[in-house]
Number of protein chains: 2
Amino acid sequence: MSLEKLFNPKSIAIIGASSEEGKVGNVIAKNILELGYSGEVYLVNPKYAEIFGKKCYKALSEIENDVDLAIIAIPAKFVNQEILNNSKNIKNYVVISAGFSEIGEEGKKQEEELKKIAKENELNILGPNCLGFIIPSLKLNASFAGGMPEAGNIAFVSQSGALAVAIMDAAKKEGTKFSSIVSVGNKMQISETEMLEFLGQDENTKVIGMYLEGIKEGEKFIEIAGKIAKIKPIVILKAGKNEKTQKAISSHTGALAGNDEIVSAVFEKSGIIRANNLEEFFVLLNFISFSNTVPNQKVAVITNAGGAGVLVSDAFSGKKIQLADLENETKNKLREFLPAESSVENPIDLLGDARADRYKKALEIISNAPEIGSVICLLTPQEQTPVAEIAKEIIKFKDKTDKNIATVFLGGEKVEKAITKLKQNEVCNFSFPDLAVTAIDSYSQWNESRTAKTKNPTQMINEKRRAKVLEIIAKAKSENRQALYFGESAEVMEIYGINTVESFEIENYHGRNLGYPVVLKVDSDKVLHKTDKNGVILNIENEMKLSRAVSQMRTNFPESHLIIQPMAKKGAELIIGIKKDEIFGPVIVYGLGGIYAEFLKTVDYLVPPISLGQVEKALFSGKIKFLFQGARGQKKYNVEEMAKILMGISSFSLEIPEISEFDINPLIVYNNSQEAVAVDVKIII
Amino acid sequence: MSLEKLFNPKSIAIIGASSEEGKVGNVIAKNILELGYSGEVYLVNPKYAEIFGKKCYKALSEIENDVDLAIIAIPAKFVNQEILNNSKNIKNYVVISAGFSEIGEEGKKQEEELKKIAKENELNILGPNCLGFIIPSLKLNASFAGGMPEAGNIAFVSQSGALAVAIMDAAKKEGTKFSSIVSVGNKMQISETEMLEFLGQDENTKVIGMYLEGIKEGEKFIEIAGKIAKIKPIVILKAGKNEKTQKAISSHTGALAGNDEIVSAVFEKSGIIRANNLEEFFVLLNFISFSNTVPNQKVAVITNAGGAGVLVSDAFSGKKIQLADLENETKNKLREFLPAESSVENPIDLLGDARADRYKKALEIISNAPEIGSVICLLTPQEQTPVAEIAKEIIKFKDKTDKNIATVFLGGEKVEKAITKLKQNEVCNFSFPDLAVTAIDSYSQWNESRTAKTKNPTQMINEKRRAKVLEIIAKAKSENRQALYFGESAEVMEIYGINTVESFEIENYHGRNLGYPVVLKVDSDKVLHKTDKNGVILNIENEMKLSRAVSQMRTNFPESHLIIQPMAKKGAELIIGIKKDEIFGPVIVYGLGGIYAEFLKTVDYLVPPISLGQVEKALFSGKIKFLFQGARGQKKYNVEEMAKILMGISSFSLEIPEISEFDINPLIVYNNSQEAVAVDVKIII
């Protein structure tokens, strides 16, 4: 159901309104009544006839007029009944009350029940256990946090009420302006995904910021986030980077934090900007709120201090955006008015005695330089530096240009006023150089991913393929096996277009000639880590050695199938697997194989469904990109082939959710036009 | 010569003092006369009889009394003569004047001359092209930056004057206090190393902070920094992380920025804390200025907001310090007074309604918990939060405890006053969680490295070994070769205790029996990248194949030596090389070998001289540590053996600086008690 009336109500009832100072119902009532909200407000509490000189209703049902939104601030045990009683007439609720799933089993049960009530009666319920929400443009503070932030274009959704309070306070100081602030509490019904859907359509919102501890309904989240991120930037601060934090999260909100690397892969896939920490989060929202998207990833830096310029230049290390290489025309124009000792290389050093005119002219030249997409204006407050005047020139520039601009005015008192002036005019100043570069980089990457021509991919389920595989699985199950034989796995792989190494069961081998050397392997669901258990004999050079190897295997694994394969030619060894993520479903893991694979951490993730274009992009930007770039002294590996293999695995993961474990280890790929080959395939059913 | 009189002068002459507003000589004179300096001050300028109502001398020589320090602010062309004229009587100078090596060839020449004057006359000269210096405890501002910072224990040395100005301004706002601020300008004579020597002994200085673009005299720097870092923390912000910055640095100061990874290795070796950016630099200085060193690396976090606690917990990812696992006793004591919904796991969640008493009690318990070395106190300003009172409790705690404390009061207006109060009482507050964790981590790592029992290593030059190697080199040179033959290299390696693979020149091979398979290699200074040029034939299985291989090689490399080696057994392939760094001299580079080595970036650096203990520590904490830790399914590789090999290479690098290039590729190491073996050794002379 649309959240329009919940977040833009014409009339509000406050259940549990109170005249008692310090009570939540008191704070909320005051916030709604005293901060300028212009809709109807009804106070409800059987204990009072009047609160703040305003009529107080005994019950919701006494109110004669329509109520768009009811805010519930009564003890948890009364909440469900209260909502149920009014569910015919009132469709939108904010449940402030705590005491639901966050307190344990009993609370969980009550929350389940409330969810059911909501569903059956088509209600929208924000919370429970939340701070409420604030819509500055309506002067509506439907929360128990004090104050009214400035109205602007940032929507901030927080899974932590306290953090929302802290950010609102910081925002006041920084001049940050909001379209809405929403505390989602236990996210019973309205979670990040529903908020994305709503805010994606909200005209007042330019950028969506979220603080999340967990993500609910991962697959739906991916779908919606992918759509909304094409419309406007989504910046998420996702907690849970290490195990201790994940544990703390689950004890504090009951939420599942999820595998952090997979969260990053999901964000990347969806075009979400991931903030690495609270500072970055806050700064990114402010910057995007004020800034244009730009046509290129090249940045010019102007400075009145060489040392500061150098530090900005350092901040570009590891970023996708780059210091622009200035065209000769640009440099010549700069040379025309700058003193000889200036540098017209980027960073452009205007020198310590630069006054406003140098900044002005440099900015003019930059505004006409097509090779530049963004500009960072650095200033150190030296004796001769007219800080305020320079700020004025920057503001003028910002009003005329479609380039992005960020300022870094270093210092304290001497730059304070100018920074305030800049902010008032929607120029984002950074206290230190690094975050300026990070902010432009993130925003520009979002723009790249938004404008990329890839649609959100869908991969159709092919029922015929699925049926074939299920048949193979059924057979194995009927034989009480937990794993497929290699031959069966090879059949499955073939269905998904993946080439496996030739292989013969020992019984059928007689009379064939693979040519030596060959490999002998035990093929059994009881021996899954073959190499660890001497279940593989490599490099068998002739028939005599083969029969010796066979008898050795028969002794060690008396009950097991044995298979023979030719030795695969040397190539790059990769591993590919499917990981079942608790939140996001099947995720493909792939990377370099070999004995050090575990330590070298060359693993990347792909979240199905994916498109061929996305996979190729991932291969070219991921940890094994060097294979496909044709680095020094090595021929390129075939990126199309690898992408197709990964697409096949993606289809497999979507079509056969019954699989409990899957990996290919190794997949050998070649750079000499030989076809890639899966040497071992493990399918656990 | 001691810098004592330079930085603590009883009398100062200002050459180029001026009454003209805006002139450098005017600003400096005012700064020295008006900000409280109590020594004698003499103004010198032939143009004036009087400045500010004070006598102005025509020349330095007219001053009858002793002058401890002369500050020179006259055009560059007059500087050398002026100093030379007075070099008998005045021994300490600050040359503010620009126009020396930073402007090109002519300036360089003048600077060289000035350096010679300084040396011949035993003068101390700070600069040229510098801002001057400030000693707040003396109320002495001998610079042309305005104002007088608060006196404290931070010494700040800057290679950028403008950055010093900006930091002074920021410091005023942040309550940062300095023992000295020194702009070293062109570092003609007094560079980072001389400043470290001086500040290391300065009683007023607790922590030394440096902004550097280049480092002069790398080997001396390493020696002095290593000593001083044992006495007090040194925090360096070193610019030049990428090529563009290195280029900008060399055009802006003429300084050589150096290879950034080697700079990091040098800092690590010397026990220097490297700040990653300006924000970190500033914050680290403030934190160390206020803080105790602590006995362990375990941190407790207390918070009144679960979400904020979670973000701090995330900030520990990748750090050496860790969230403390609380003892049961500690948890029980916390449980005694905290509400049931609180978390007594670390982060300790005092809940949103926490008042000062909860913070107070929690801190008391922490102060008696030996498992905790530091504490981070988080606060979000919620409706019920008595911010000021909580700050008071934290201040009381800080006064009593020997544990480290950092606060993170999140927000704006609501926490501002409390933060000021905290700072006034030397509690360091961080605006965001991550930097608090970084600061404690860096300080604690410094403490670890300081208290480690390793002395600064020295490696004696063994003249006998050196003579032997030089003889081998001389022979090769006499034959007009640029590289040693493998046999010669093997001899050199043996001298340094490194085992090489057996090897025979083809002429001497007849009659020997290495057993097959063998390897045939061309051994020539003309064919240095053998593998690329088909100069190696591996896995030759019998005599027939060998003679075929030999004739093939003879055709391809008609003039070259050929050698035969047995195939080395499989093991881990490493590479070791010596890189000649322009600043720091020979540096050992080592890491994983194999075809992907270049892309996987598993390379670490060691800067000779080193001790065995340091090498082992480096191996256990570096990029190939997994080899020595005995990870899952793999036996440990021998760390002592590897350390000895690296020690040998270190001696080699120090004893034979004549070598222009050196690498072992591969060195094969084993985890089955087989001796490590160098399979190929390249020594270019």
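Q: Before the sheet in chain B, when do two strands count as paired?
A: Two strands pair if DSSP finds at least two bridges between them. The model discussed here is a predicted one.

Q: Which strands make up the open sheet in chain B, and in what order?
A: The open sheet of chain B has four strands, ordered 21-24-22-23, and their pairing is antiparallel.

Q: Which strands stand at the edges?
A: In chain B these are strand 21 (504-505) and strand 23 (536-540). Each has a single partner strand, so one side of each is left without a neighbour in the sheet.

Q: How many bridges join strand 21 to strand 24 in chain B?
A: Two bridges join strand 21 of chain B to strand 24 of chain B, residues 561-566. Within strand 24 of chain B, Ile563(B) is the residue opposite Glu505(B).

Q: What about helix 20 of chain B; which strands does it lie across?
A: Helix 20 of chain B, residues 543-556, lies across strand 22 (518-523), strand 23 and strand 24 of chain B. Its direction is at about 15 degrees to strand 22 of chain B.

Q: Changing topic to chain A: at what angle do helix 11 and helix 16 pack?
A: Helix 11 (residues 306-315) and helix 16 (residues 433-451) of chain A pack at about 40 degrees, and their axes are 8 Å apart. The two helices of chain A are therefore oblique to each other.

Q: Is that crossing in chain A left-handed or right-handed?
A: The crossing of helix 11 and helix 16 of chain A is right-handed. Helix 11 of chain A contributes Leu311(A), Val312(A) and Ala315(A) to the contact, and helix 16 of chain A contributes Pro433(A), Asp434(A) and Val437(A). Of the residues in this contact, five are nonpolar, none is polar and one is charged.

Q: How can chain B be laid on chain A?
A: A turn of 180 degrees with a shift of 0.1 Å along the axis lays chain B on chain A, with an RMSD of 0.1 Å. The two copies are thus related as by a two-fold rotation axis. In chain B, the C-alpha nearest the axis belongs to Leu600(B), at 3.7 Å.

Q: And how many residues does the contact take from each chain?
A: It takes 66 residues from chain B and 66 residues from chain A. On the side of chain B that touches chain A, helix 11 of chain B gives the most, with nine residues. That side of chain B divides into 29 nonpolar, 21 polar and 16 charged residues.

Q: Why can one say that the copies meet through the same surface?
A: Because 98% of the interface residues of chain B are also interface residues in chain A.

Key. Residues numbered from 1 in each chain as written. Chains lettered and ligands numbered in written order. Predicted model: local features only at pLDDT ≥ 70, side-chain atom pairs only at ≥ 80, totals over all residues. Contact = placed C-beta atoms within 7 Å. Axes fitted to C-alpha atoms, helices over the stretch in contact; angles between N-to-C directions. Parallel < 35°, antiparallel > 145°, perpendicular 65-115°, else oblique. Left-handed = near helix turned anticlockwise from the far one by under 90°. Nonpolar A, V, L, I, M, F, W, Y, C, P; charged D, E, K, R; others polar. Least-squares fit on C-alpha atoms with pLDDT ≥ 70 in both.
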